[in-house]
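Got your viewer open? Here's a short tour, one selection at a time.

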Amino acid sequence: MALLEVCLVDESPLSAYLGAVLRKPDAVLWLRRNDQKNVVNHLETTLAGQLSASYENREIKSDVDEFSEQCRQIIKDYPDHDILFNATCGDRLRMLLAADVFKKAGKEIFFIDMVHSRLVNIESGEKKTFQLTMTVNEYTALHGVEIESGVRFDPEIGKRSGLSYFIGNNLEQIIPFIDSIRPEWNNMGDDKKDIQWRMDGQYHRFLINYESSSKKMRFKFGNSENQKTVEIPNDGGNYLFNGGWLRELVFLRVHRSQYDDVRLDVRLQRDSLPEGVKAESMLDITMMKGCHFYIFQCFSYPITRESFIELKAVEHSVKLLNATGFIFLAHRPHRGFVERARDYGINVIYGRRIPNFSL
């Protein structure tokens with residue numbers, strides 16, 4: 001007998017998507033609000049290449065008694081189908097009402113445990129573990145958001161990892177030094193000259209040479225007994241002064257965790273963002289790990305009024321993509337900024353926690 005899956009739609013489409021790909025029904029009936037048509041469209045577009053099924057969607061009745069009757073009508077409309085109800089999605093009241101109707105009719109009800117990647121049969125309690133392998137691009141597409149660009153891994157990041165860790169492990173000495181020489185670099189404009197900067201700390205030395213003819217920036221760092229050298233062609237200024245070292249350090253830390261897909265310098269297509277949503281379209285690092293999507297944003301400059309504006313944009317991106325958000329700060333955090341981030345549900349990482357970060 002053909003299999004029908006009934007699923008309430010909500011703003012987090014992953015559980016609805018998983019219900020379809022894990023149970024592989026012959027037909028799917030979405031129960032949605034009037035403002036969730038796009039969610040259904042994104043789901044069906046994503047499922048098109050993975051599942052051969054027919055789709056129907058019905059607008060949810062606002063009255064609870066009418067909604068229960070609507071669920072009973074589904075059973076009458078599909079007499080030649082075995083019916084499954086995905087109890088993972090939707091608002092709690094309607095999920096419970098629908099589950100009650102389908103349970104009384106002897107239909108199977110299942111729940112997707114996103115935290116432990118398990119499929120749970122509500123009646124029997126049987127649990128089946130599943131493995132989700134999804135790229136960052138596939139996940140954002142499920143939300144109707146397209147990715148313009150993003151780097152999986154650049155060998156050059158590995159080559160200069162020692163320098164990135166050196167800066168991260170000595171933030172208290174090196175960040176004030178970088179802040180003090182940045183104006184000199186910026187004031188040269190596009191016509192850069194040969195220049196050298198030197199920091200002699202109590203335990204560490206940091207020497208920077210820029211060679212204008214080759215556009216190379218050479219870094220010599222470490223203690224007096226163990227000096228290392230790294231050369232960065234063309235992009236040394238961006239690495240040092242615009243937070244490239246912080247993005248790469250966080251990228252290296254994230255790469256140490258178990259993950260399905262990680263991207264650096266992700267650019268979202270602006271025209272794919274919902275109208276009126278002021279989300280941040282330039283994301284430093286994104287990661288897909290199991291059923292969870294993460295956004296990592298790096299702030300290498302001191303906190304200013306613009307930082308709060310940027311934080312709000314990151315919050316919009318986190319909500320839009322149903323993500324877990326992290327902000328990494330190179331400078332000692334502004335108390336108001338940390339409190340605002342926490343109000344938004346975004347984690348703040350700073351100081352020695354950065355080079356030791358792990359999920």
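Start with residues 2–8, strand 1, and add strand 2: the two pair in the parallel sense over 5 bridges. Keep in mind as you click around that this is a predicted model. For a landmark in that pairing, pick Val6, whose bridge partner in strand 2 is Leu29. Now trace the chain between the two strands: it goes from strand 1 through helix 1 (residues 14–23) to strand 2, a right-handed β-α-β crossover.

Next, select residues 54–59. That's strand 3, and it pairs with strand 2 in the parallel sense as well, over 6 bridges. Here the landmark is Trp30, which stands opposite Asn57 in strand 3. The link to trace this time is helix 2 (residues 37–47), which carries the chain from strand 2 to strand 3 in another β-α-β crossover, also right-handed.

Stay on strand 2 and show side chains for residues 27–32. Which residues point which way from the strand? Ala27, Leu29 and Leu31 go to one side, while Val28, Trp30 and Arg32 go to the other. That's the regular pattern, since side chains in a regular strand alternate between the two faces of the sheet. Is strand 2 buried or exposed? With 6 of its 6 residues buried (under 20% relative accessible area), strand 2 is largely enclosed by the rest of the structure. Yes, that includes Arg32.

Now jump along the chain to the largest pocket, with about 430 Å³ of space. Select Arg247, Asp284, Cys298, Tyr301 and Glu310: of the 19 lining residues, these are the closest to the pocket's centre. To see the walls, colour helix 10 (244–255), strand 13 (261–268), strand 14 (282–289), strand 15 (292–299) and helix 11 (305–320), each of which supplies at least two lining residues. If you're thinking about chemistry, the lining of this pocket splits into 6 nonpolar, 6 polar and 7 charged residues.

Last stop: the cavity. A search of the whole structure turns up 1 of 30 Å³ or more, and there is about 40 Å³ of space in it. Its lining includes Ile175, Ile178, Asp179, Arg182, Phe241, Trp245 and Ser300. Which helix gives the most to that lining? Select helix 8 (171–187), which leads with 4 residues. Add helix 9 (236–241), which also supplies at least two. By class, the cavity lining has 5 nonpolar, 3 polar and 2 charged residues.

Note on methods: Residues are numbered from 1 along each chain as its sequence is written. This is a predicted model: local features need pLDDT of at least 70, side-chain atom pairs count only at pLDDT 80 or more; totals for chains, interfaces and linings use all residues. Side-chain values use heavy atoms; hydrogens and water are left out. Buried means under 20% relative accessible area, exposed over 50%, partly exposed in between (1.4 Å probe, protein chains only). Two strands pair if DSSP finds at least two bridges between them. A crossover is right-handed if, with the strands pointing away from the viewer, the path from the first strand over the helix to the second runs clockwise. On a 1 Å grid over the protein atoms alone, a cavity is a set of points where a 1.4 Å probe fits but cannot get out, and a pocket is an open set with protein on both sides within 12 Å along at least five of seven lines; lining residues have an atom within 4 Å of a point. Grid points are joined across faces, edges and corners, and a volume is the space filled by probe spheres set on the points. Ala, Val, Leu, Ile, Met, Phe, Trp, Tyr, Cys and Pro count as nonpolar, Asp, Glu, Lys and Arg as charged, and the others, Gly among them, as polar.
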